[in-house]
Amino acid sequence: MSSYTIALLDGDGIGPEIMTEAEKVLRLAASRNGIRLELEHGAFGAGAWFSHGDSFPQATRELCDRADAILKGPIGLDHEQTEKIPVDMRPERGALLPLRRRFDTFANFRPVRLAGSLTHFSPLKPEIIAGGIDIMIIRELVGGLYFGAKESGRNAAGKRYVNESLEYDEDQIERIARVAFETARGRKKLLHNIHKSNVLKSSVLWNEVLGEVGQEFPEVEVRHILVDAAATYLCLDPGQFDVMVMENMFGDILSDQAGGILGSLGLMPSACLGPDKAYYEPSHGSAPDIAGKDIANPYSMIGSVAMLLDMSLELKEEAGHVWKAMQSVFDQGFTTPDLTRPGSDSRTINTRSFGDLVAGNYAAAPVSAG
Ligand code: IPM
Ligand code: MG
């Protein structure tokens, strides 16, 4: 019997409640496939700072080191709580970026999907997204401005100043480009390269290296598009995109915009892959304003489980069943209060019931022979 350890980092805000639903689905996947899963929770985020004096405590680092994969909830608390934590130890700089760096999770997959039957969630006009939305954003996750050199202080004129650099070397660009081309080859063979080479030298090198890698993938068509124009086209005609690849900061911004065209960041799971380990997380924040109210949709967390099954446990078909199980809950006319639109005739259910319905649908899916 295969056996895996999965680290569960519940995080802050709505993290624990959506993690509970994700855990149901993980356990079900294990029992359906005769797999032994050790699910171990670790403290991570702002809450961990208050309970352990460290937003990424040593025990959690060790748990992540020995885990086969990591499932992570959103992090961060409200402004008032955040202000109590020293700036460099706040959960983004103190936990999330160190997690990404520790496992070198350079390839961030952010699927942007809306089935044709769910287009009412989107703020875009029906004629723009008639066929639904299906884009894979691939974001470089451990380079660029996020991890470049930083300094601040007073300059010669006594003025406060700051300097942050956007750094990439060719190896960093090459590996993410390769991931993007491989992904595009497995889909529609169309890759949009998002850049800003009219201004940034980093984009000039990015495009050059991407072009070199592209020679190994002659079957993939590459379209180069400036990041600002890409932002516009995501609203005007998202159907033109299939796989999009971009550096870290562009990916942070465009992936949130992509959540916007779906109608909610709550519909954005993600996978962050490194050479040896991967972690999975919703792309959204911890929504402290609705935490504990049992109204957050667990879609992004359960979708992250689907990606974990697919990419870390090699259970591709099971992952497909989980996606379908979630879709069916919406198709059955249910939604959670955070996703309800004025005038919609969806029936509103709580976080736990949504998770139960997903698990019920998934349990009814056929178990594959292999
Ligand atoms: C994301 C988030 C993070 C990022 C924050 C929480 C540091 O916005 O994963 O998109 O900027 O990468
Ligand atoms: Mg972001």
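**Warm-up**

Where does D294 lie? D294 sits in the loop between strand 12 (278-282) and helix 10. (Helices, H or I with at least four residues, and strands, E with at least two, are DSSP runs numbered from the N terminus.)

Before going on, note that this is a predicted model, where local features need pLDDT of at least 70, side-chain atom pairs count only at pLDDT 80 or more, and totals for chains, interfaces and linings use all residues. Residues are numbered from 1 along each chain as its sequence is written, chains are lettered from A and ligands numbered from 1 in the order in which they are written, and side-chain values use heavy atoms, with hydrogens and water left out.

**Exercise 1: two unusual phi angles**

Task: Find out what phi D104 and D294 have, and place D104 in the chain.

Solution:

Step 1. Start with the background: most residues other than glycine have a negative phi, and most peptide bonds are trans.

Step 2. Now look at D104, which is not a glycine and yet has a positive phi of about 50°. You'll find D104 in the loop between helix 5 and strand 4.

Step 3. Turn to D294, which isn't a glycine either; its phi is positive too, near 60°.

Step 4. Check the surface. D104 counts as partly exposed because its relative accessible area is 24%. (Buried means under 20% relative accessible area, exposed over 50%, and partly exposed in between, with a 1.4 Å probe and protein chains only.) D294, at 22%, is partly exposed as well.

**Exercise 2: the surroundings of ligand 1**

Task: List the residues around ligand 1, then work out where they come from and which polar contacts reach the ligand.

Solution:

Step 1. Collect the shell: E92, L96, R100, R110, R139, Y146, D252 and E281. (A residue is near a molecule or strand if one of its heavy atoms lies within 4 Å of it.)

Step 2. Sort the shell by class. It has two nonpolar, no polar and six charged residues. (Ala, Val, Leu, Ile, Met, Phe, Trp, Tyr, Cys and Pro count as nonpolar, Asp, Glu, Lys and Arg as charged, and the others, Gly among them, as polar.)

Step 3. Trace the origins. Helix 5 (residues 91-102) gives the largest share, three residues. Domain 1 (1-105 + 274-370) and domain 2 (111-267) each supply at least three residues; the domain bounds come from an automatic or database domain assignment.

Step 4. Look for polar contacts. (That's a pair of N or O atoms within 3.5 Å; within protein, one must be able to donate a hydrogen and the other to accept it, and residues adjacent in sequence count only if both atoms are side-chain atoms.) A polar side-chain atom of R110 is 2.7 Å from an oxygen atom of ligand 1. For the side chain of R139, the distance from an N or O atom to a ligand oxygen is 2.8 Å, and for that of Y146 it is 2.6 Å.

Step 5. Finish with the cover: of the 320 Å² of accessible area that ligand 1 has on its own, the protein covers 77%. (Accessible areas come from the Shrake-Rupley method with a 1.4 Å probe; for residues, only the protein chains shown count as cover.)

**Exercise 3: cysteines**

Task: Say how many disulfides a search of the whole structure finds, then take a look at C272.

Solution:

Step 1. Recall that a disulfide is a covalent bond between the sulfur atoms of two cysteines. Here the test is a pair of cysteine sulfur atoms within 2.5 Å.

Step 2. Run the search: the whole structure turns up zero disulfides. For C272, the nearest cysteine sulfur is that of C64, 12 Å away.

Step 3. Compare surfaces. C272 is buried, since its relative accessible area is 0%, whereas C235 is partly exposed at 32%.

**Exercise 4: buried or exposed?**

Task: Decide whether T119, F241 and R160 are buried or exposed.

Solution:

Step 1. T119 belongs to the loop between strand 4 (107-114) and strand 5 (133-140). With 19% relative accessibility, T119 is buried. Its side chain reaches the backbone oxygen of G116 at 3.3 Å.

Step 2. F241 is in the loop between helix 8 (227-236) and strand 10 (243-246), and at 2% it's buried.

Step 3. R160 is part of strand 7 (residues 160-164). Its relative accessibility is 70%, so R160 counts as exposed. From R160 to S328, the C-alpha atoms are 55 Å apart in space and the residues 168 apart in sequence.
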